[in-house]
Amino acid sequence: MYLGLDIGRQYVKMVTAEKTKDGYKVIDAGSRLVPDANTAFDPEKIDRSHWVMAVRELFKQQGFNPKKAKSLITGIGGSSASIKQITTMEMPSDELESAMTFEARKHIPMDGTDAVIDYQILGSNKQEVDKIDVGLVACTKGVLTAHMDLLKECGLKAGVVDVNPIAMSNAFSFVKDIPEDGLVVMLDIGAVSSGLVVYGKGQQFFTRDLPIGGHHFVKELSDKKDIGYIEAQDLLFKEGLAAMVSKGSGEPSVDGAVGIAERTVYDNLVEDMRRSLRFYAKQTGQSFFLKIFLTGGGASTPGLSAFVNEKLNIDCAVFNPFENIEGKDSISVSNSSQFTTALGLGIRGGMINE
Ligand SMILES: Nc1ncnc2c1ncn2[C@@H]1O[C@H](COP(=O)(O)OP(=O)(O)OP(=O)(O)O)[C@@H](O)[C@H]1O
Ligand SMILES: [Mg+2]
């Protein structure tokens, strides 16, 4: 049995899965809040002891003994890691290693420690015959050590450490068929930031961390309505984007609409997406974005997928990682899309042990 553990900034999520003849069977899934329940979430106030407690409580809650897992797969968040596809001259492997280390340092937020890299030669470049494409994943030693220390403190034996954006795309490829042509866009709406992933068959893999998450949705509603964090959160989960304009306490404008002309956090998120997709199109010459799938806890915000669809004019839906998987009927979670990364991490176990 593989244990995918997604240690998010607001929720810890786990998915256990087993390999079957033709895929995977999901055994269990569960989540646990990292901050104390019924207190306003403040990302600044979360430290390692909160995560350790949350992970332990999660196992207890699910009646799960982590020692039973064949391997543990965890992920480094997209904001602390870099995933890049790089085109470079063919060169001997030791030279490639140092070229990739040099490259990595340009893309990760350096913290005074060395870069840790992992790369894979994807093949020769389509345009330039003497060049190769390399998939490069990197983070700093500081980030990796902190992650390992956290696992140790949770009483866990570190296994495979993946990066969340890749886990997300693995979950997607597992659940859906990747189209022959065009690009799939995923947006993992977490608490503090959202991970955008663009990929497709034979297309360049791209990811970027956008600095808006569900926490900002709640905060904006709480400020606008002058209500507490928890009250705003309940209202948001129930009414979604409509809560900003309905039954408002704000001053109606001349045309009777409430604050409708004001730029909301949702407009900002969509603008960040638009900019990123434009950047991707410019870099690669590809702009055939087929569909946007929202994942992460914030994906379930009522009205959000319709809003993204309307603003970007690209089909948009909430992604359910348990859609087709065997064993899904025994899973009871209230917010399926929140488990996309955990599922992607879990099935990674089976890819490695083959
Ligand atoms: N039913 C729901 N409807 C709308 N939003 C929700 C719902 N359930 C959770 N959320 C929001 O989802 C967010 C948490 O999602 P998730 O668990 O994916 O984040 P995380 O992984 O802990 O954070 P991060 O990825 O930033 O580290 C919170 O902002 C929360 O308000
Ligand atoms: Mg997350």
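1. At 70% relative accessibility, D226 counts as exposed, and this residue of the predicted model is found in the loop that runs between helix 5 (214-225) and helix 6 (229-239). The backbone deserves a look here, since D226 has a positive phi of about 55 degrees although it is not a glycine. Most residues other than glycine have a negative phi.

2. A second residue may be read alongside it: N38, which is not a glycine either, has a positive phi of about 60 degrees. N38 sits in the loop between strand 3 (23-33) and helix 1 (48-61), and with a relative accessible area of 67% it is exposed.

3. Turning to the sheet, five strands form an open arrangement in the order 11-10-9-12-13, and the pairing within it is mixed. Strand 11 (206-210) and strand 13 (316-318) stand at the edges, where each has a single partner strand, so that one side of each is left without a neighbour in the sheet. From one strand to the next, the twist averages 20 degrees.

4. Strand 10 (residues 194-199) pairs with strand 11 in the antiparallel sense, and five bridges join the two. Within this pairing, S194 has L210 of strand 11 as its bridge partner. Helix 4 (residues 164-175) packs on the sheet, where it touches strand 9 (183-189), strand 10, strand 11 and strand 12 (289-295), and the direction of the helix makes about 55 degrees with that of strand 10.

5. The aromatic residues add a further view of the contact between helix and sheet. A search of the whole structure finds 13 aromatic pairs, and one of them is formed by F172 and F293, whose rings are tilted, at 4.9 Å centre to centre with 55 degrees between the planes. This pair links distant parts of the chain, because F172 belongs to helix 4 and F293 to strand 12, 121 residues apart, where a strand is a DSSP run of at least two residues and a helix one of at least four. Both F172 and F293 are buried. Ring pairs also join F172 and F293 with Y199, F205 and F319 into a cluster.

6. A charged side chain meets an aromatic ring elsewhere in the model: R208 lies over the face of F279, at 4.9 Å from the ring centre. R208 falls within the range of strand 11 (206-210), while F279 falls within that of helix 7 (residues 265-284).

7. Which residues meet where helix 5 and helix 7 come together? On the side of helix 5 they are H216, F217 and E220, and on the side of helix 7 they are V265, Y266 and L269. The two helices pack at an angle of about 150 degrees, with their axes 10 Å apart. Angles over 145 degrees count as roughly antiparallel, and helix 5 and helix 7 are therefore roughly antiparallel to each other.

8. Finally, is T16 buried or exposed? T16, which lies in strand 2 (residues 11-20), counts as buried at 1% relative accessibility. Leaving aside its neighbours within four places in sequence, T16 is in contact with M1, Y2 and L3, with K25, V26, I27 and D28, and with F64.

Methods: Residues are numbered from 1 along each chain as its sequence is written. Chains are lettered from A and ligands numbered from 1 in the order in which they are written. This is a predicted model: local features need pLDDT of at least 70, side-chain atom pairs count only at pLDDT 80 or more; totals for chains, interfaces and linings use all residues. Side-chain values use heavy atoms; hydrogens and water are left out. Two strands pair if DSSP finds at least two bridges between them. Axes are lines fitted to C-alpha atoms, for helices over the stretch in contact, and angles run from 0 to 180 degrees between N-to-C directions. Contact means heavy atoms within 4.5 Å. Buried means under 20% relative accessible area, exposed over 50%, partly exposed in between (1.4 Å probe, protein chains only). Rings of Phe, Tyr and Trp (its six-membered ring) pair if their centres lie within 6.5 Å; planes under 30 degrees apart count as stacked, over 60 as edge-to-face and the rest as tilted. A charge sits over a ring if NZ of Lys or CZ of Arg is within 6 Å of the ring centre and within 35 degrees of the ring normal. Angles under 35 degrees count as roughly parallel, over 145 as roughly antiparallel, 65 to 115 as roughly perpendicular and the rest as oblique.
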